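Okay, thanks everyone, let's get going. I'd like to walk you through one structure today, so have a look at the screen while I talk.

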Amino acid sequence: MKVLKATSGIFEDSFIKSLLSKMTIEEKIGQVNQVGTSIYGGKEEHYEKLVRNGSVGSFLSIKEIEKANKLQKVAVEETRLGIPLLFAEDVVHGFLTTFPIPLAESCTWNSELIRKTAEIAAEEAAAAGIHWTFAPMVDVSRDARWGRVAESFGEDTFLTEEFGAAKVTGFQGNLCNGQLDRNRLIACGKHFAAYSEAEAGRDYNTVDLSSYKLANVYLPPFKRLIDEGVLTIMSSFSLLNGIPATTNKKLLIDILREKLSFSGLLISDWNALQETITHGFSKDYEDAVKKAIDCQLDVDMSSLLYLNTLKELIHRQVINESSLDKAVYRLLSLKVKLGLFENPYRSSPEHYATIINKSKEYRETARQVAEESIVLLKNEELLPLKNTDKVGFTGKYLNDHNSMLDTWACKGSAQEIITVAQAVSEKKNKQYFILEDAYNDFKKDRSFKKETINLISKLDKIVVVLGEKATDSGEAKSKAILGIEQDQLEFTKAISTVNPNIIVALMNGRPMIVSTLLPYAKSLVETWHLGCEAGSAILNILEGKINPSGKLTMTFPRHEGQLPIYYNHHHTGRPYQLEKFNTTRYIDISNEPEFQFGFGLSYTNFSIDNMQVSKLKKNSWQVSIDVANLGDRDGQEVVQLYIGAKFGTYARPVKELRDYRKIKLVAKEKKTLCFQIDRDTFAYYDELFNKLVDAGEYLIMIGNSSQIEQKNMTRIEVEE
Ligand code: NOJ
């Protein structure tokens, strides 16, 4: 084995420079080529050849430790310089242990849990030989038609910053002497930038937006990730203001490298470099590569354009070799940070085996996150279930293992998912009845078997598990119709004619339109796609073992025509008034959402009042507010602080979340919460991404959702 040593900490720079000086152009080009295994039809024999030829620096989608180590051996022992490989993968919401989808996790408003699930995912994936995850996705998502909202932290920029940062810390940990711990992964913030603004919610579609919106909605989460030390960023597939993000100099140089001071590695999305030609932007392969190198796009994911074109372009002096060196430097720097030059085999089959055993213990965390992700949207006294209740459980997704795994499930297997039906049957409660076939029976001829009707009519309550399947959300899963599928709706209606005490547990990867369902659902629990402990978590909530505390991070529309819909919209010159014709409204439906951002019920009642603002010094305040649990059940509440500017250099949104606290209160307990506010609380960005704070009048609003009671609003004056 060729040994390359002395790589950590302060030696990193000289080590990489010395290695670079020994590399041929071909070896350098190989480093910046990432091979997604599917581009060679999954044929493994090709991979070894590529490695031996020095034509690949990193692989995507090799998830087995044996395979990874075998290829690593070829890289280290059979290539001239023995440079180790990197293995990348989309570890989005777990690796062996499948956690709730990110949208669900964001409804916990619990950064520590969000960090923890990333830490566990990193440990499991690292044991399988993976070094680099393409997560977190920090695309602020305001249009539920876009399938990738499932991978997002919802519609709010501030929350996306918070939860994105928590993920980066969980994946990467704290670097010690510039090195990542063996159990951690390199994180990747994606997709830079504004990918989620796709026109009409269709994936990969055109993005055209003002610099003001880019600066205030889409860039701040990336800034936060960079401040948090994220080592890599992925550019977006889409066109941004007429130029593909992958080759957009203004975006990648002026903003990312200069304004945001990102010095880490930038990777394209899958085949995006080649797609700059399809976009009608690059003339041909050479033009695309030249433009990408000018944008300091370091690694080409799976288009093979760098591999096939760069040498010739350097030879003809169209591209300077020093530009390639910069990209290779950044890639080698990741390999150094992983300690691969000292130990190219970060894991082994034996180590992996010990981690598999740990996954049992990690299910406990999976259940806790799942419980906190659930949002109680409506409750007409049916929940929590009582000990004496006779309850039927039915619905299309009652026992559907796959749907709870959801998009980007890595090695989580459907068999390991606890469905609602399984959780119920494990209870062995004689009062519980599983009506597993009722949905399929009904689908056949729109009727129930006689014994089913008899049973339903005798029960106290019926839990109907509805929603959309896992494959309805994620990449390329845009949808124009977000309502409940007709069969599922008819089924629920038919049950309600026999027994109106219906509790709906909704499983889905995006906000759905539930207006047609609400008349038949006396209680509605949003359960998302919750991962391996879905069934147990849902049952714990239904039974009241856990008091629901989730709060929506995406607005639920009433109608697709309202999309995009989000709480922090701007004022208009003619603000919405339902009854007034010439205001910002529809003539056929209301502007109001079905369920607002920040909303979520509990089995207890909380009061929020007695807001006091004290000025500590110039532009510094303390805001206190009393939160009381009025009921006789312990619970958690998310207290949210919003600001609203009266006027400014730019018009600002009607309200913006700026802080929140998730607190536990036992029955009848009351606490006073204190928020600190200073000048920075009111900061936003101009079109050039310069921070601004306007002096003037602001509203401070506190509540348990984005709809705030008048009594919890106070005006303050920010001075110059
Ligand atoms: C395409 C997706 O847009 C991106 O998020 C993902 O990381 C890559 N494919 C690799 O799987």
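Let me start where two domains meet: between domain 1 and domain 2 the count is two salt bridges. Before I go on, keep in mind that this is a predicted model.

One salt bridge to look at is Glu 475 with Arg 148, where the closest N and O atoms are 3.9 Å apart. Hold on to Arg 148, as I'll come back to that residue with the ligand. Besides salt bridges, there are 23 residue pairs in polar contact between domain 1 and domain 2, counting pairs with both residues at pLDDT 80 or more.

So what supplies the domain 1 side? Helices α5 (102-106) and α6 (111-127) each give at least two residues to the side of domain 1 that touches domain 2. The largest share comes from α6, with six residues. And if you sort the residues on that side of domain 1 by type, you get 23 nonpolar, 12 polar and 17 charged.

Let me step back to the overall layout. The domain assignment splits the protein chain into domain 1 (9-352), domain 2 (360-562) and domain 3 (606-718). The C-alpha centres of domain 1 and domain 2 are 36 Å apart. Their contact takes in 52 residues of domain 1 and 42 residues of domain 2.

How much area is buried between domain 1 and domain 2? It's about 3,600 Å², and carbon and sulfur atoms give 62% of that. On the domain 1 side, Thr 98, Cys 107 and Arg 145 lose the most area to domain 2, and together they make up 16% of what that side buries.

Right, on to the ligand. Which of the 13 residues around the ligand come nearest? Those are Asp 90, Arg 148, Lys 190, His 191 and Asp 269. Here's Arg 148 again: one of its polar side-chain atoms is 2.6 Å from a ligand oxygen atom, and this is the residue that also forms the salt bridge with Glu 475. For Lys 190, a polar side-chain atom sits 2.8 Å from an oxygen atom of the ligand. For His 191, the corresponding distance to a ligand oxygen atom is 2.7 Å.

Now zoom in on Lys 190 and His 191, please. The peptide bond joining them is cis, with omega at about -5 degrees. His 191 itself belongs to strand β5 (residues 188-192).

There's another cis peptide bond to show you, between Leu 383 and Pro 384, with omega at about -5 degrees. Pro 384 is in the loop between β11 (375-379) and β12 (391-394).

While we're on backbone geometry, check Gln 317. That residue has a positive phi of about 60 degrees, although it is not a glycine. You'll find Gln 317 in the loop between α12 (305-315) and α13 (321-337).

Last stop, charges. Side chains of opposite charge can pair when their charged atoms come close. How many salt bridges does the count come to? The answer is 60 salt bridges. One example is Lys 28 with Asp 325, where the closest N and O atoms are 2.8 Å apart. This pair links distant parts of the chain: Lys 28 is in helix α2 (residues 25-31) and Asp 325 is in helix α13, 297 residues apart.

That's my tour, thanks for listening.

How values were computed. Residues are numbered from 1 along each chain as its sequence is written. This is a predicted model: local features need pLDDT of at least 70, side-chain atom pairs count only at pLDDT 80 or more; totals for chains, interfaces and linings use all residues. Side-chain values use heavy atoms; hydrogens and water are left out. Domain bounds come from an automatic or database domain assignment. Contact means heavy atoms within 4.5 Å. Buried area is the accessible area (1.4 Å probe) that two parts lose on being put together, summed over both. A salt bridge is a side-chain nitrogen of Lys or Arg within 4 Å of a carboxyl oxygen of Asp or Glu. A polar contact is a pair of N or O atoms within 3.5 Å; within protein, one must be able to donate a hydrogen and the other to accept it, and residues adjacent in sequence count only if both atoms are side-chain atoms. Helices (H or I, at least four residues) and strands (E, at least two) are DSSP runs, numbered from the N terminus. Ala, Val, Leu, Ile, Met, Phe, Trp, Tyr, Cys and Pro count as nonpolar, Asp, Glu, Lys and Arg as charged, and the others, Gly among them, as polar. A residue is near a molecule or strand if one of its heavy atoms lies within 4 Å of it.
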